[in-house]
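Thanks for coming. I have one structure to go through today, and I will keep to a few parts of it.

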Amino acid sequence: MLLAGILPDFKLTSDDGDSMTRVAVTAALGAAAFALLSALVWPILVRALLLVPALVLGLVVFFLNGAVLLIALHLIPDGRGEAGPETAVVVAAVMSAVASATGGALAVRDDDAYRRRLYRLADRRRRRGSEDTTCPPTPGTVFIQLDGVGHEVLRRAARDDVMPTINSWLHDGSHRLTPWRTDWSSQTGASQLGILHGSNHDVPAFRWYEKDTGETQVSNRPTSAAELQRRAVAHTGDGGLLTVDGASRGNLFSGGAEQVALVLSVAARRGKQNRSRAGYFAYFSDPANAVRTVLSFFAEVGREIGQSTRSRLRKERPRMGRGGLYPFIRAFATVVERDVVVAAVIGDMLAGRSAVYADLVAYDEVAHHSGPFGRDARKVLERLDRSLALLVKVAEHASRPYRIVVLSDHGQSPGETFRGRYGLTLQDLVRAGCGLPVPRKAGRTRSGAEARAAVRAALHRPVEEGAGKGKRSEPIVLASGNLGLVSFPDVPHRMTREEIDARNPALLPTLANHPGIGFLLVRSEEHGAVVLGARGVEVPLAELADGEGPLADFGPGAADAVRRTDSFPHTADIMVNSMYDPLDGEVLAFEEQIGSHGGLGGAQSRPFLLSPAELSEPVPQGEDLVGAEQVHRVLRRWLTEGHGPQIPMRVTPLSLDPPATKPLERPVENSLRREPGGASFAATPPEPQDNSA
């Protein structure tokens with residue numbers, strides 16, 4: 001009634017006018033018809049639009065809601081309801097927003113009505129998928145990955161009560177907090193592949209060039225994610241952490257789960273029950289949820305514009321550009337992805353699934369552009385904590401007990417960009433060291449001039465004369481946070497230091513002596529792998545220990561991490577790690593990020609594992625938890641705890657179906673684990689189980 005009085009193209013009266021009572025009755029009829037159509041028609045519309053990308057689907061929601069309202073108005077007797085198409089969109093949006101604010105739909109936080117709706121939806125799916133809807137009394141496990149949240153960031157957030165749920169867990173002793181150490185490649189692709197599939201072998205960075213195929217692998221590209229998952233399964237001979245009755249939500253990889261939503265490695269449509277985008281249906285089937293998320297999406301866009309403007313006016317440093325599409329990308333990560341993933345996890349818990357692994361990427365996205373310790377990032381942590389609180393409340397209503405494990409895949413190290421400090425990119429520096437042309441602005445910087453002088457001294461001729469000699473292809477320079485990779489694609493093997501010096505005698509000295517470079521890793525014909533530092537420092541990697549040589553400032557485990565990466569088949573010709581200042585914890589990102597990860601140095605290599613105290617300790621007292629593969633073994637062990645005595649059983653050989661990963665199916669509730677002796681164990685007695693749900 002209020003909208004009809006305000007909007008000129010919206011009326012609830014006949015042409016002759018009506019009494020207030022009649023207008024109220026007409027409004028009630030219109031609202032009832034709108035609600036009924038939303039309940040009946042909306043789920044069908046959303047299911048028909050499952051293949052539409054989430055961002056587009058969120059925008060289409062407004063127009064679909066308006067169409068539903070127009071139909072509802074036509075159902076009012078005597079033609080008393082009437083609205084223009086544009087006005088119908090506005091009226092429908094306001095009605096849904098008011099329903100969210102006043103009814104039970106508002107909370108993706110802590111509302112009982114929202115949980116009951118999801119329970120009914122999960123119950124219907126369970127009845128369709130399996131005759132046996134009873135859930136076992138054994139506990140299930142939910143793994144929530146807070147992408148990019150380092151151990152120190154979490155500790156500070158809990159201490160300052162930015163994350164009260166985490167703070168309460170730590171204070172009452174119900175959970176234990178354990179830091180762990182990443183590999184050299186401290187990024188989601190390597191860490192999550194190791195955590196979910198037990199192997200991140202031959203993942204040297206977030207992106208890298210493979211000489212044998214001539215392709216560049218990028219961890220967040222669907223084809224690359226599918227290939228990396230296939231390789232991990234082939235390497236381990238196992239489907240993954242979530243193979244048995246598991247669900248994967250918002251991850252790069254499936255972990256072998258049949259139930260997936262927003263999983264990059266299976267982004268293409270699969271079967272009706274397990275296609276990656278089916279998770280949208282659980283959330284957007286409620287029009288109030290859809291409208292609330294869309295409104296929150298645009299509110300987040302406005303929040304980002306306001307925060308970036310404030311940062312620019314205050315001349316905060318370090319600072320980077322946050323225009324273009326970034327406000328919309330941030331809003332998708334912090335609103336749409338969070339809401340859909342959390343709703344999917346709630347549905348999994350109410351459906352009684354044994355293992356769920358979900359990734360919430362909001363903090364990582366914001367920290368890249370605002371800094372890991374900034375005010376913007378703290379606000380995101382507050383909202384993530386509310387999501388955790390909601391899952392805790394949902395666990396109280398689930399048909400089986402749940403253990404909630406929270407972990408991260410890496411941290412983030414602050415610092416300005418390499419380009420911001422020196423006026424040129426790593427690619428510019430490499431090109432200058434090779435005597436190749438560089439952008440005029442980069443050539444005028446001090447670093448560019450020094451590189452060109454080094455080339456002239458090494459070649460005894462002007463740079464321009466050497467730049468066009470021969471028909472060699474130019475080097476491929478890729479950046480993964482503060483880790484850089486330099487490859488020469490025309491050489492089919494990994495080049496040695498001697499070959500690089502013969503080809504570009506000034507390149508390695510130019511890189512090693514640059515103040516923004518911490519160390520280089522190259523292969524030597526005489527000494528094998530060697531680490532190069534400033535002023536001619538060269539140490540064989542096999543002889544290098546922590547706290548020595550160019551790796552002295554990079555902390556414990558740095559030498560072992562570099563040695564492991566050196567053993568990978570696709571390690572680049574030159575691996576470049578930026579400098580690291582241990583006093584302020586800063587690194588220099590080769591990408592445009594003021595909070596970065598991907599290499600060695602600072603908080604980026606120190607994520608966390610927060611586990612219920614009822615589970616066994618991740619590692620014995622005094623030992624360190626090192627590498628994503630060891631984290632996988634810990635999580636797999638936890639999945640088997642509480643399932644009774646263990647007996648050996650025969651394992652059916654895994655069948656691989658490249659290029660898509662075919663999860664390993666096992667007729668037991670818990671996943672297999674391998675003991676040091678090589679035998680495989682599972683819970684006994686083995687009960688048949690239908691995993692179709």
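I will take a strand, then the nonpolar cores, then a pair of helices, and end on a single valine. Please keep in mind that this is a predicted model.

Let me start with strand β7, residues 246–249. Its partner on one hand is strand β9, residues 355–360, and the two pair in the parallel sense over four bridges. Within that pairing, Ser248 stands opposite Tyr357 of β9. β7 is also joined to strand β8, residues 259–261, by three bridges, and these two run parallel as well. There, Arg249 has Ala261 in β8 as its bridge partner.

Are the faces of β7 covered or open? In a regular strand, side chains alternate between the two faces of the sheet. For β7, Gly246 and Ser248 lie on one side, Ala247 and Arg249 on the other, and all four are buried. So both faces are covered, and that includes the face carrying the arginine, Arg249.

Tyr357 brings us to the cores. The largest nonpolar core has 52 residues, and Tyr357 is one of those that touch the most other members, together with Trp184, Leu609 and Leu635. Which element gives this core its largest share? That is helix α23, residues 628–640, with six residues.

Trp184 deserves a further word. Setting aside neighbours within four places in sequence, its contacts include Leu483, Phe519, Leu521, Ala561, Val562, Met575 and Leu600. Thr565, Asn577, Gly598 and Gly599 are also in contact with Trp184.

Apart from this core lies another, of 49 residues. Among its members are Val142, Val380, Val394 and Ala395. In soluble globular proteins, nonpolar side chains tend to be buried together.

Val380 also appears in the next item, the contact between helix α13 and helix α14. α13 covers residues 362–370 and α14 covers residues 375–397; their axes come within 9 Å and cross at roughly 175°. An angle over 145 degrees counts as roughly antiparallel, and α13 and α14 are therefore roughly antiparallel to each other. From α13, the residues involved are Ala362, Tyr363, Val366 and Ser370, and they meet Asp376, Ala377, Val380, Leu381 and Leu384 of α14. By type, the residues of this contact divide into seven nonpolar, one polar and one charged.

Last, Val25, which lies in helix α2, residues 20–48. Val25 has 37% relative accessibility and therefore counts as partly exposed. Leu12 is 13 residues from Val25 in sequence, and their C-alpha atoms are 9.4 Å apart.

That is my list; I am happy to go back to any of it.

Terms used. Residues numbered from 1 in each chain as written. Predicted model: local features only at pLDDT ≥ 70, side-chain atom pairs only at ≥ 80, totals over all residues. Heavy atoms only, no water. Axes fitted to C-alpha atoms, helices over the stretch in contact; angles between N-to-C directions. Parallel < 35°, antiparallel > 145°, perpendicular 65-115°, else oblique. Contact = heavy atoms within 4.5 Å. Nonpolar A, V, L, I, M, F, W, Y, C, P; charged D, E, K, R; others polar. Core = buried A, V, L, I, M, F, W, Y, C linked by side-chain atoms within 4.5 Å. Buried < 20%, exposed > 50% of the residue type's maximum accessible area, 1.4 Å probe, protein only. Pairing = 2+ DSSP bridges.
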